[in-house]
Amino acid sequence: MSEHSPALAHQFDDPEQQFEASTLGMWAFLVTEIMFFGGLFLGYAIYRSLYSEAFAEASRLLDYKLGAINTAVLICSSLTMVLAVRAAQLGHRKPLIIFLVLTIVLGSVFLGNKVVEYTHKFEHHLVPGPTFGPEPPLAHPQQAQLFFGFYFAMTGLHALHMIIGIGILTVLVVLAWRGRFSSEYFSPVDITGLYWHFVDVVWIFLFPLLYLIGRS
Amino acid sequence: MSQHVIPQRIYILVFVTLLLLTLVTVDVAFYDAGWLNIYIALTIATCKALLVILFFMHVRYSPRLTWVFVGAGFFWLMILFVFTLGDYLTRGGITGLGF
């Protein structure tokens, strides 16, 4: 057995093959995630086409400015994430840690805004269930509840992904701090980047569909 | 390591484009284009998603096998959407759901 880099697992010929295998595995997972969110998007599309008037009316109760700010925050976090991956590729430890921490901070800002939004929904009786009943009353309260059902399910699942992402990023910061990554081995940073960008892509579709329909 | 290191300016360019497209999508949402509104919004969102996937997720620089995986994911998503909506939307509206 010839000597090889300690970061190279035995079953791979070289670091490149190992890297490609981990990227491909992550994409296989992301494909299942596409279908996971896809089901919700499909349900939303069907009910929106059935109750377009009620969905537009309910959508206008969301704060589109906060939604737009959150979109910008998430895009910024994608930039810091991609720069973290780049720093890892080049083996720059300090920039890697800084960009990872920045990504965590931006992700937390996004979740903080989400808390503000959810609180507002609870205070104004916009949560589906027996207490649903915003003032002034809506034209189609029952159909509007469906809209808010989708709103909470989709943004909630998205927020859960963000929380998991921040957890993974925190582990990466610790590992990077201990110097576990090099330009030879940075697959964990790279595939976490894929995950983070995927969550960004989901939001890119959620934002116009939930916040911007029925504004005109 | 043969992994492609992409120049920083490309990332910045993609980032700025994404922010501009976000502004555009908010802005056009307030113009009444009738049924076109939703398609305009979805087209802009698709452009943004493509930019993220191709550049931030490095798919543009990835091996063909990765392209196949990514393509398969969206192909299956299309099957889900086209077949289901093709059914729902051609029935002339669904009533009797209780609302």
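This briefing describes the two chains of the structure, the contact between them, and the nonpolar core.

The model is a predicted one. Chain A comes to 6 helices and 0 strands, and chain B comes to 3 helices and 0 strands. The contact between the chains takes 45 residues from chain A and 45 residues from chain B, and helices of both chains supply residues to the largest nonpolar core.

**Chain A**

- Read along the sequence, chain A follows the pattern α-α-α-α-α-α, and its C-alpha trace spans about 75 × 30 × 30 Å along the principal axes.
- Of the 216 residues in chain A, 40% count as buried.
- When contacts in chain A between residues at least 6 apart in sequence are considered, 77% of them join residues at least 24 apart.

**Chain B**

- Chain B, read along its sequence, shows the pattern α-α-α.
- Of the 99 residues in chain B, 22% count as buried.

**Helices H5 and H6 of chain A**

- H5(A) and H6(A) pack with their axes 10 Å apart and at an angle of about 160°; because an angle over 145 degrees counts as roughly antiparallel, H5(A) is roughly antiparallel to H6(A).
- The crossing of these two helices, H5(A) and H6(A), is left-handed.
- On the H5(A) side, the residues that make the contact include Tyr151(A), Met154(A), His158(A), His161(A), Gly165(A) and Leu172(A), while on the H6(A) side they include Pro188(A), Val189(A), Tyr195(A), Trp196(A), Trp203(A) and Leu210(A).
- By class, the contact of H5(A) with H6(A) has 16 nonpolar residues, 5 polar residues and no charged residues.

**Where the two chains meet**

- On the side of chain B that touches chain A, H1, helix H2 (36-56) and helix H3 (64-88) of chain B each supply at least two residues, and H3(B) gives the most, with 14 residues.
- Sorted by class, this side of chain B has 34 nonpolar, 9 polar and 2 charged residues.
- Across the two chains, the axes of helix H3 (residues 64-90) of chain A and helix H1 (residues 8-28) of chain B come within 10 Å and cross at roughly 170°, and H3(A) and H1(B) are therefore roughly antiparallel to each other.
- In this pairing, residues of H3(A), among them Tyr64(A), Ala68(A), Thr71(A), Ile75(A) and Leu83(A), meet residues of H1(B), among them Tyr11(B), Phe15(B), Leu18(B), Thr22(B) and Val26(B).
- The contact of H3(A) with H1(B) has, by class, 12 nonpolar residues, 2 polar residues and no charged residues.

**The largest nonpolar core**

- The largest nonpolar core has 77 residues, of which Ala84(A), Ala88(A), Leu96(A), Leu100(A) and Phe147(A) touch the most other members.
- Chain A supplies at least two residues of this core from each of helix H1 (15-50), helix H2 (52-59), H3, helix H4 (93-123), helix H5 (141-177) and helix H6 (187-212), and in chain B both H1 and H2 likewise supply at least two residues each.
- H6(A) gives the most to this core, with 17 residues.
- Leaving aside neighbours within four places in sequence, Ala88(A) is in contact with Leu96(A), Phe181(A), Phe186(A) and Val189(A); of these, Leu96(A) is also named among the core residues that touch the most other members, and Val189(A) also takes part in the contact between H5(A) and H6(A).

Definitions and conventions: Residues are numbered from 1 along each chain as its sequence is written. Chains are lettered from A and ligands numbered from 1 in the order in which they are written. This is a predicted model: local features need pLDDT of at least 70, side-chain atom pairs count only at pLDDT 80 or more; totals for chains, interfaces and linings use all residues. Axes are lines fitted to C-alpha atoms, for helices over the stretch in contact, and angles run from 0 to 180 degrees between N-to-C directions. Helices (H or I, at least four residues) and strands (E, at least two) are DSSP runs, numbered from the N terminus. Angles under 35 degrees count as roughly parallel, over 145 as roughly antiparallel, 65 to 115 as roughly perpendicular and the rest as oblique. Two residues are in contact if their C-beta atoms, placed from the backbone, lie within 7 Å. Ala, Val, Leu, Ile, Met, Phe, Trp, Tyr, Cys and Pro count as nonpolar, Asp, Glu, Lys and Arg as charged, and the others, Gly among them, as polar. A nonpolar core is a set of buried Ala, Val, Leu, Ile, Met, Phe, Trp, Tyr and Cys residues joined through C-beta atoms within 7 Å. A residue is buried if 20 or more other C-beta atoms lie within 10 Å of its own, exposed if 12 or fewer, and partly exposed in between; C-beta atoms are placed from the backbone. A crossing is left-handed if the near helix is turned anticlockwise from the far one by less than a right angle, and right-handed if clockwise.
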